[in-house]
Amino acid sequence: MKKTSSDGGLLLLREVEKRLGLIDSLAGCIEDPRNQNYVKHSTKRLLIQRIMQIAAGYEDANDCNALRDDEVVKV
């Protein structure tokens, strides 16, 4: 059974963000002191996830596990 998402606006937002490059610029301003040999998710990927979740109305960071299987959020 295929799941659907109510967060289709995120696709548009992501495309706009790609053209503007705001998250790339922001990620470039953040120093990452973590040992890069152990880093699984880059600062940029973490910012994308968090910003898109907030834009979709998931302000609490406790929604990450529930959204992990949402097809639109994965994109």
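**Exercise 1. Does Asp24 count as buried, partly exposed or exposed?**

Solution.
Step 1. Note that the model is predicted.
Step 2. Take the value for Asp24: its relative accessibility is 42%.
Step 3. Apply the cut-offs: buried is under 20%, exposed is over 50%, and partly exposed lies in between.
Step 4. Conclude that Asp24 counts as partly exposed, because its relative accessibility is 42%.

**Exercise 2. Find the salt-bridge partner of Asp24, and place both residues in the chain**.

Solution.
Step 1. Look at the side chains: Asp24 meets Lys44 in a salt bridge, with N to O at 2.8 Å.
Step 2. Check the cut-off: a side-chain nitrogen of Lys or Arg must lie within 4 Å of a carboxyl oxygen of Asp or Glu.
Step 3. Locate the two ends. Asp24 sits in helix 2 (residues 22-28) and Lys44 in helix 3 (residues 43-55). They are 20 residues apart, and the pair links distant parts of the chain.
Step 4. Classify Lys44 too: its relative accessible area is 32%, so Lys44 is partly exposed.

**Exercise 3. Describe two salt bridges in helix 1**.

Solution.
Step 1. Start from the total: the whole structure holds four salt bridges.
Step 2. Take Arg14 and Glu17. Their side chains form a salt bridge at 2.6 Å, N to O. Both residues belong to helix 1 (residues 9-20).
Step 3. Ask how this pair is covered. Arg14 is buried, and Glu17 is buried as well.
Step 4. Take Lys18 and Glu15. The closest N and O atoms of this salt bridge are 3.6 Å apart.
Step 5. Explain the spacing. Lys18 and Glu15 are three residues apart in helix 1, so about one helical turn separates them. Arg14 and Glu17 are also three residues apart, about one turn of the helix.
Step 6. Classify Glu15: with a relative accessible area of 42%, Glu15 is partly exposed.

**Exercise 4. Separate the nonpolar surface patch from the largest nonpolar core**.

Solution.
Step 1. List the patch. Leu12, Val16, Leu20 and Leu22 make a nonpolar surface patch of about 410 Å².
Step 2. Find the main contributor: helix 1 gives the most, with three residues.
Step 3. Test one member. Leu12 is found in helix 1. Its relative accessible area is 62%, so Leu12 is exposed.
Step 4. List the core. Its six residues are Leu10, Ile23, Ala27, Leu47, Ile48 and Met52.
Step 5. Find the contributors. Helix 2 and helix 3 each give two or more residues to this core. Helix 3 has the largest share, three residues.
Step 6. Recall the general rule: in soluble globular proteins, nonpolar side chains tend to be buried together.

**Exercise 5. Survey the whole chain and say where confidence is lowest**.

Solution.
Step 1. Count the elements: there are five helices and zero strands.
Step 2. Check burial: 20% of the 75 residues are buried.
Step 3. Look at the surface. The chain exposes about 6,000 Å², and carbon and sulfur atoms supply 55% of that area.
Step 4. Read the confidence. The mean pLDDT of the chain is 84, and 77% of residues reach 70 or more.
Step 5. Compare elements. Helix 5 (residues 71-74) has the lowest confidence, with a mean of 63. Helix 2 has the highest, at 96.
Step 6. Apply the caution: where pLDDT is low, the predicted coordinates should not be read in detail.

How values were computed:
Residues numbered from 1 in each chain as written. Predicted model: local features only at pLDDT ≥ 70, side-chain atom pairs only at ≥ 80, totals over all residues. Heavy atoms only, no water. Helix = DSSP H or I, 4+ residues; strand = E, 2+ residues; numbered from the N terminus. Buried < 20%, exposed > 50% of the residue type's maximum accessible area, 1.4 Å probe, protein only. Patch = residues over 30% accessible without salt bridge, like charges linked within 9 Å, V, L, I, M, F, W, Y side chains within 5 Å. Areas by Shrake-Rupley, 256 points an atom, 1.4 Å probe, with all protein chains shown as cover. Core = buried A, V, L, I, M, F, W, Y, C linked by side-chain atoms within 4.5 Å. pLDDT = per-residue confidence, 0-100.
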